[in-house]
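Here is my note on the model you sent round. Please read it with the coordinates open.

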Amino acid sequence: MILIEDADPDHADARALIAALSQRLAAITGSSGQASFDADDVRGPGAAFLLARDEQGRSLGCGALRPLQPGVAEIKRMYAAVAGRGVGSAVLAALEARAETLRYDEIRLETRRVNTAAVRFYLHAGYREIPPYGPYVDRPQAVCFAKQIGSTSA
């Protein structure tokens, strides 16, 4: 069973998962992605940082939600420590449910094109590719996705 809980991104388990994600991204893309994450963005109103744990309390994954613009949230630092166990899907579902509770209409995210596993994961989860937004404009290595949620979802 995968348990999802709210956490602070400075919690020791969260920091360990974020560091593991940064290492993994650096190996895949050449960049850790740390420059595009500010822990303060996922604290406070309209934001969340979630940890996935197993029944013994071991941390398995994480993901964050931050306000991007009115009605739109962005997923940050999405990571499953072990692939193929449903951790990523559980974290993503929890982030989508939280976004709906927070009354967002859309969720967006960015990953690198070379991160083909992540691209497949988000497409399989119902995300569609969108034009680059914000800091990802004019960055051909970036691929952006969005998904409608809540009452506006199909």
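The points below cover the sheet, its central pieces, the charged pairs and the cysteines.

1. Status of the model. This is a predicted model. Read every distance and angle below as computed from predicted coordinates.

2. Sheet layout. The sheet is open and has 7 strands. Their order is β1-β2-β3-β4-β5-β7-β6, and the pairing is mixed. β1 and β6 sit at the edges, each pairing on one side only. From one strand to the next, the twist averages 30°.

3. Strand β2 and its neighbours. On one side, β2 pairs with strand β1 (residues 3-6) in the antiparallel sense, over 4 bridges. E5 has L51 of β2 as its bridge partner. β2 also runs antiparallel to strand β3 (residues 59-69), and 6 bridges join the two. There, R53 is matched with S59 of β3. β2 and β3 form a hairpin with 5 residues between them. G57 lies in that turn and has a positive phi of about 90°.

4. Burial of β2. How many of the residues of β2 are buried? The count is 6 of the 6, so the strand is largely enclosed by the rest of the structure. Both faces are covered. A48, L50 and A52 are buried on one side; F49, L51 and R53 are buried on the other.

5. The D13–R53 pair. Note that R53, at the end of this enclosed strand, carries a charged partner. Its side chain meets that of D13 in a salt bridge, 2.7 Å from N to O. The pair links distant parts of the chain: D13 belongs to helix α1 (residues 12-29), R53 to strand β2 (residues 48-53), and 40 residues separate them. R53 is buried, with a relative accessible area of 9%. D13 counts as partly exposed, at 24% relative accessibility.

6. Strand β5 and strand β7. β5 pairs with strand β7 (residues 142-148) in the antiparallel sense, over 7 bridges. I107 has K147 of β7 as its bridge partner. Helix α2 packs on the sheet here and beyond, touching β1, β2, β3, β4 (72-80), β5 and β7. The direction of α2 makes about 30° with that of β3.

7. E96 on helix α2. Is E96 buried or exposed? E96 is buried, because its relative accessible area is 15% and the cut-off for burial is under 20%. The residue lies in helix α2 (residues 87-101). Leaving aside neighbours within four places in sequence, E96 is in contact with I107, Y127, K147 and I149. Two of these names return from the previous point: I107 and K147 are bridge partners.

8. Other charged pairs. Across the whole structure, a search finds 14 salt bridges. One of them joins E106 and R128, with the closest N and O atoms 3.7 Å apart. This pair also links distant parts of the chain: E106 is in strand β5 (residues 106-112), R128 in strand β6 (residues 128-130), 22 residues apart. E106 counts as buried at 10% relative accessibility, whereas R128 counts as partly exposed at 41%. E110 and R112 meet in a salt bridge too, at 3.8 Å from N to O. R112 is buried, with a relative accessible area of 17%. Finally, D8, D10, D40 and R43 are linked in a network of salt bridges.

9. The loop after α2. R103 is found in the loop between α2 and β5. R103 counts as exposed, at 71% relative accessibility. The C-alpha atoms of R103 and V72 are separated by 9.1 Å. Along the chain, the two residues are 31 residues apart.

10. Cysteines. How many disulfides does a search of the whole structure find? The result is 0. Why is C62 unbonded? The closest cysteine sulfur, in C144, is 20 Å from the sulfur of C62, which is too far for a bond. C144 is likewise in no disulfide. Both residues are hidden: C62 counts as buried at 0% relative accessibility, and C144 counts as buried at 1%.

Technical notes. Residues are numbered from 1 along each chain as its sequence is written. This is a predicted model: local features need pLDDT of at least 70, side-chain atom pairs count only at pLDDT 80 or more; totals for chains, interfaces and linings use all residues. Side-chain values use heavy atoms; hydrogens and water are left out. Buried means under 20% relative accessible area, exposed over 50%, partly exposed in between (1.4 Å probe, protein chains only). Contact means heavy atoms within 4.5 Å. A salt bridge is a side-chain nitrogen of Lys or Arg within 4 Å of a carboxyl oxygen of Asp or Glu. Two strands pair if DSSP finds at least two bridges between them. A disulfide is a pair of cysteine sulfur atoms within 2.5 Å. Axes are lines fitted to C-alpha atoms, for helices over the stretch in contact, and angles run from 0 to 180 degrees between N-to-C directions.
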